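Welcome! Have a look at the model below, and then let us walk through a few of its side chains together.

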Amino acid sequence: KRRTPHQILKEKEKTRQQQQKKQTANEDDDNDETKQRENKEIGKKKKVYTPFPPAQTPSKIDLQLESGEYFLSERVRKAKKLAEKAVKSKAKSKEKREAREREFEAPPAASLSTAAISSSEKKKDKATGSDNDLDISALKSKFERAGSKKRKADGNLSDFVAGAGGSDEKQDKKKKKKDKKKKKAKHD
C-alpha cells in the first residue's frame, strides 16, 4: 500500500507523543521514588494492632427486641407506623402552609414608605407641592361604593334562575329566529 503524506505526518506525530509520555512517566517515577524515600526517613505512623474486630452493628430484630416492638402483633406495629407517618406529614404540611402564608405577608409600613420613595422624589414633591401619600380609607370606601352599585344592578335573581319570570326577551328572540327560518323556507 502506498501512504499519503498526511498519513506519514500523523504517524510521526504519534511516535513523538509516545516518546514524550515515556519521558514524563520516567520523571514522575523518579519523583515518586524520592518522595517515598523522604517519607520513610520522616517516619510514618504505625497502625496500632488490635486483636479484636469492631463491635457488630445491631440488626433490625435486635433493635425491635430492645424497644419491645418485636413482641407486638403485626397489626399494632403497622398502626404505630401509620400514626408516626401521620404526625410527620401533619408537621410538614403545617410548615409548608406557614411558608406559603409568609409569602403573602406585607412588609412593615416604615420600610415600605422609605423604600418606595427615594430622597430625590421627595424633593420633587416638595417643590411641586403634590402629596403622594395614599388615603387608604378613601380608597376602601370608593371600592365599597362601586361594589354596592354592581350588586344593586345585578339584584334581579330571576335572570339567573331557569323558569322564572325574566326570560321573556330570550323567548322573543327564539320566536323571531324561527319565523325567519320559516319565511326563508317558504321563499325557497
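Phe-71 sits in the loop that connects α2 (60-67) and α3 (74-103). Please keep in mind that this is a predicted model. Is Phe-71 buried or exposed? Its relative accessible area is 65%, and because exposed means over 50%, Phe-71 counts as exposed.

Phe-71 also has company on the surface. Together with Ile-61, Leu-65 and Tyr-70, Phe-71 forms a nonpolar patch. The accessible area of these four residues together is about 420 Å².

Two members of that patch deserve a second look. The structure holds one aromatic pair. Tyr-70 and Phe-71 make up this pair, with ring centres 5.6 Å apart and planes at 85° to each other. That arrangement is edge-to-face, since planes over 60 degrees apart count that way. Tyr-70 itself is partly exposed, at a relative accessible area of 38%.

Now let us turn to the charged side chains. How many salt bridges are there? The count comes to three, and here they are with their N to O distances:

| Salt bridge | Distance, N to O |
|---|---|
| Arg-3 and Glu-11 | 2.5 Å |
| Arg-16 and Glu-13 | 2.6 Å |
| Arg-77 and Glu-74 | 3.5 Å |

Each of these pairs can be followed up in the model. In the bridge between Arg-3 and Glu-11, Arg-3 is partly exposed with 47% relative accessibility, and Glu-11 is partly exposed as well, with 38%.

The next bridge joins Arg-16 and Glu-13. Both residues belong to helix α1 (residues 5-42), and because they are three residues apart there, about one helical turn separates them. Arg-16 has a relative accessible area of 43%, so it is partly exposed. Glu-13 is partly exposed too, at 35%.

The remaining bridge links Arg-77 with Glu-74, and this one takes us to helix α3. Here again the partners are three residues apart, so they are separated by about one helical turn. Which of these two is buried, and which is partly exposed? Arg-77 has a relative accessible area of 18%, and because buried means under 20%, Arg-77 counts as buried. Glu-74, on the other hand, is partly exposed, with a relative accessible area of 47%.

If you would like to trace this region yourself, start at Phe-71 in the loop between α2 and α3, find Tyr-70 as its edge-to-face partner, and then move on to the salt bridge of Glu-74 and Arg-77.

Methods:
Residues numbered from 1 in each chain as written. Predicted model: local features only at pLDDT ≥ 70, side-chain atom pairs only at ≥ 80, totals over all residues. Heavy atoms only, no water. Patch = residues over 30% accessible without salt bridge, like charges linked within 9 Å, V, L, I, M, F, W, Y side chains within 5 Å. Areas by Shrake-Rupley, 256 points an atom, 1.4 Å probe, with all protein chains shown as cover. Helix = DSSP H or I, 4+ residues; strand = E, 2+ residues; numbered from the N terminus. Buried < 20%, exposed > 50% of the residue type's maximum accessible area, 1.4 Å probe, protein only. Phe/Tyr/Trp six-rings, centres within 6.5 Å; stacked < 30°, edge-to-face > 60°.
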